[in-house]
Structures are given as C-alpha cells and as structure tokens.
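Visitor: Please take one part of this structure for a close look, and then place it in its surroundings. I should like a connected account that moves outward step by step.

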Amino acid sequence: MQSKGFNSKVSNMVFRTRISSLLISMFAIFASFYVAGRLWQDAQTRVYLIKELDRVTGLGQSAISVDDTLKIIACREQHKKLSALEMDLAAAGREGFTSKRSSDTNEAVAKRRPLVVIGVLTRFGRKNNRDAIRKAWMGSGATLKKMEKEKGIISRFVIGRSADRGDNLDRSIDDENRQTNDFMILDQVEAPGELPKKAKMFFALAADRWDADFYAKVNDDVYVNIDALGATLTSHLNKPRVYIGCMKSGQVFSEPSHKWYEPDWWKFGDKKSYFRHASGEMYVISGALAKFISINRNLLRTYAHDDVSAGSWFLGLDVKHVDEGKFCCSSWSTGAICSGV
C-alpha cells in the first residue's frame, strides 16, 4: 500500500513538472516572438533613420536629430492618410456627393470679416452732433447697413447710462436708438471723468462682438473721410499689432485747478510730458490689441485722459506705433481722414 501511494505521488509530481515546463516553454516562445518583433521594428526604424541621415548629410546639410527624423516619419504617415482621404473625397464627388463646406462658401464671402469697427464716443444732450455725423459720413438705416456690407466699416455711437437709471436721459437715448439702431449702450455711468474707462469698455465689448481687423475710437465732434480711412487701414493689414494715430507727447499738468489736471503727474518721467500716444480725437488699433484689452480689461488702469490711457496699455507690448498725419483732426486737408468741428 505504501508503495502504491508513493508511486502515485511521484506520478503527480512528474505530471506537474511537465505542465510547468510546458508553460515555461510557451512563455519563452511568446517572449521570443515579442522581442524579435520589437527588434525587427527597431531595426527597420534605424535603417530608415540611417538612410535619412545619409541623404541629408549627402546634400551638404547638417545632420538632423533623431527626434526631428521621427517627426518627419510622423508627418509622412499623416500625409499618406490625407492623400487617402482626398482620394475618397474625389470618388464621392464623382458619385454625386457634395460638400456642405463648399455650399457655404458664398455665405462666407457675403459675411466677410469687417475691416474696422468705429466707436463714436458721445454724451447726453449731444443729439445734434449725432444727427450731423449721420448726415455727414455715418449714415443711418439702409445707408448704414450698406456701408457695413460693401465697405466692411461698422460704426456705432457709444454711450453709458445715467447715474439715475431709467430717468429722462436714459429714456431719450433708448427712444433715439429704437429709431436709428446705431448705439452701443454701456453698462456704466456716463460722466466726463469716466471717459477713459468708457473707451476701454468700448474696445473690449467691440472685440467681443465683432471679429474685425481694426477698431477705431472717434469723438462725436469729428467728421471722418470713410474712403480715406478704408484705404489707409488696408495698407496696414500686414501689421498684426499696430497703433495708428496723430502721435504726440503732450504736457503733464500737476495743478489741480487746471482743465487737464493729471492726478498721477508724478509718474511721468520728467513730470512735464507724457509718453508717446495718439491724439484722442481719433485713433485706431488692430484686432489683436483690442482682444488684449478685452482679456485684460480688469487689470488695465486708466489715467485722467482716454488717449493717454490707451497709449499706456501698449507701452510694454511689441506694438508698431504709426504716426499718421492724416489722423490729425485739427484741420481738413486733401487726403485727410478726419476733421474736428
């Protein structure tokens, strides 16, 4: 009995050993296949890299890095996929399928990007000025829409709200806007001391609402030559961050009794003159700068005057300042863009 039990235990041990050996052998085979496959792939990649490096160096160029070569490989794979997709698209077109994108092309052209958005900063009690501007260059109703569609020039009067919300001042602006539909009404108090904040808010909200190439600030006592403005701005389309205007420095006044008193007069260099900035009657900034103002509206500080404030926002940026004499609105001359009245 003991002999049979012993033999049975031996047989079981031998069987288990054979199974273990078989499993180990199978694992070793799979591992060998995996390692061999990886080595083959690595070898293929190395061969390609060596050929690519030889080709580049053979042309007299400096050797490219392995990382750059791997990028070349990835780009070629993407190119193959793109070519395959283009072939599929061409085949689908031959079978009568059309692209929704192509059907929308005419609409995209009709809704072209605006060239410039003009904000005419106005105040309560200045309806006569606004009517004069509508008759002189801005237009109203169908004329205003035609300027937007054909010239890509959008113009709006910019005004805030009365300190006593809903009073006669607010109601008069609302009534006028219902008739003309040419206002941008800001959610801030309309007051002379708030003009710099008003200009900042205009640029921010205009950039949020319209994706234009340029944004212009104009006073409501300035007449604008629309054709000259469009021609001048078109010549600056290749400048991504441009600030155009009648550039000046201007005197800093430290006396509180002075009309142009600057509370922060001590911050300006020799305390006698401002840094270079565009005159406030009219100036233009590119779309990128308007978006910068929109994003940082809560961080950009203002000074006593809107033109100085605007100039300060661009001091630390890589901005092209363009001193354009046509933007000097003190008098009207041939080719001028604006004229003060």
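Guide: Setting aside neighbours within four places in sequence, Thr 302 touches Pro 196, Lys 197, Lys 200, Ser 309 and Trp 313. The model is a predicted one, and this residue serves as the point of departure. Thr 302 belongs to the loop that runs between H10 and H11. Its relative accessibility is 15%, and because the limit for burial is under 20%, Thr 302 counts as buried.

Two of these contacts, Ser 309 and Trp 313, lead to helix H11, where both appear among the buried residues. H11 spans residues 306–313, and eight of its eight residues are buried, so the helix is largely enclosed by the rest of the structure. Besides Ser 309 and Trp 313, the buried set comprises Asp 306, Asp 307, Val 308, Ala 310, Gly 311 and Ser 312. What do the buried residues of H11 pack against? Their partners are two helices, H8 (195–209) and H10 (287–295), together with the strands S4 (214–219), S6 (242–248) and S7.

The two helices in that list also meet one another. The axes of H8 and H10 approach within 8 Å and cross at roughly 110 degrees. An angle of this value lies in the range from 65 to 115 degrees, and H8 is therefore roughly perpendicular to H10. On the H8 side, the contact is formed by Lys 200, Phe 203, Ala 204, Ala 207 and Asp 208, while H10 contributes Ala 290, Lys 291, Ile 293 and Ser 294. By character, the residues of this contact divide into five nonpolar, one polar and three charged. Lys 200 thus takes part in the contact with H10 and also touches Thr 302.

From the helices the account passes to the sheet. H10 lies across S4, S6 and S7, and its direction makes about 100 degrees with that of S7. These strands belong to an open sheet of seven strands with mixed pairing, in the order S3-S2-S1-S4-S7-S6-S8. At the edges stand S3 (183–189) and S8 (320–323); each has a single partner strand, so one side of each is left without a neighbour in the sheet. Direction ignored, neighbouring strands of the sheet are turned against each other by 25 degrees on average.

Within the sheet, strand S7 (residues 277–286) contains Met 282. With a relative accessibility of 0%, Met 282 counts as buried. Beyond its neighbours within four places in sequence, Met 282 is in contact with Lys 217, Val 218, Val 224, Leu 229, Gly 245, Phe 327, Cys 329, Ile 337 and Cys 338. Its C-alpha atom is separated by 8.0 Å from that of Cys 328, which is 46 residues away along the chain.

The aromatic rings offer another view of S7. The count comes to five aromatic pairs. In one of them, the rings of Phe 157 and Phe 183 have their centres 5.8 Å apart and their planes at 45 degrees, so the pair is tilted. Phe 157 is in strand S2 and Phe 183 in strand S3, so this pair ties together parts that are 26 residues apart in sequence. Both Phe 157 and Phe 183 are buried. The rings of Tyr 243 and Tyr 283, by contrast, have planes at 85 degrees with centres 6.3 Å apart, so that pair is edge-to-face. Since Tyr 243 lies in strand S6 and Tyr 283 in strand S7, the pair ties together parts that are 40 residues apart in sequence. Tyr 243 is buried, its relative accessible area being 0%; Tyr 283 is likewise buried, with a value of 0%. Ring pairs gather Tyr 243 and Tyr 283 into a cluster with Phe 202, Phe 203 and Phe 314. Phe 203 was met above in the contact of H8 with H10.

The last stop is the edge strand S3, which holds Ile 185. Its relative accessible area is 27%, so Ile 185 is partly exposed. Leaving aside neighbours within four places in sequence, Ile 185 touches Ile 159, Gly 160, Arg 161, Ile 173, Asp 174 and Asn 177. Ile 185 and Gly 160 are 25 residues apart in sequence, yet their C-alpha atoms are 5.6 Å apart in space.

Methods: Residues are numbered from 1 along each chain as its sequence is written. This is a predicted model: local features need pLDDT of at least 70, side-chain atom pairs count only at pLDDT 80 or more; totals for chains, interfaces and linings use all residues. Side-chain values use heavy atoms; hydrogens and water are left out. Helices (H or I, at least four residues) and strands (E, at least two) are DSSP runs, numbered from the N terminus. Buried means under 20% relative accessible area, exposed over 50%, partly exposed in between (1.4 Å probe, protein chains only). Contact means heavy atoms within 4.5 Å. Axes are lines fitted to C-alpha atoms, for helices over the stretch in contact, and angles run from 0 to 180 degrees between N-to-C directions. Angles under 35 degrees count as roughly parallel, over 145 as roughly antiparallel, 65 to 115 as roughly perpendicular and the rest as oblique. Ala, Val, Leu, Ile, Met, Phe, Trp, Tyr, Cys and Pro count as nonpolar, Asp, Glu, Lys and Arg as charged, and the others, Gly among them, as polar. Two strands pair if DSSP finds at least two bridges between them. Rings of Phe, Tyr and Trp (its six-membered ring) pair if their centres lie within 6.5 Å; planes under 30 degrees apart count as stacked, over 60 as edge-to-face and the rest as tilted.
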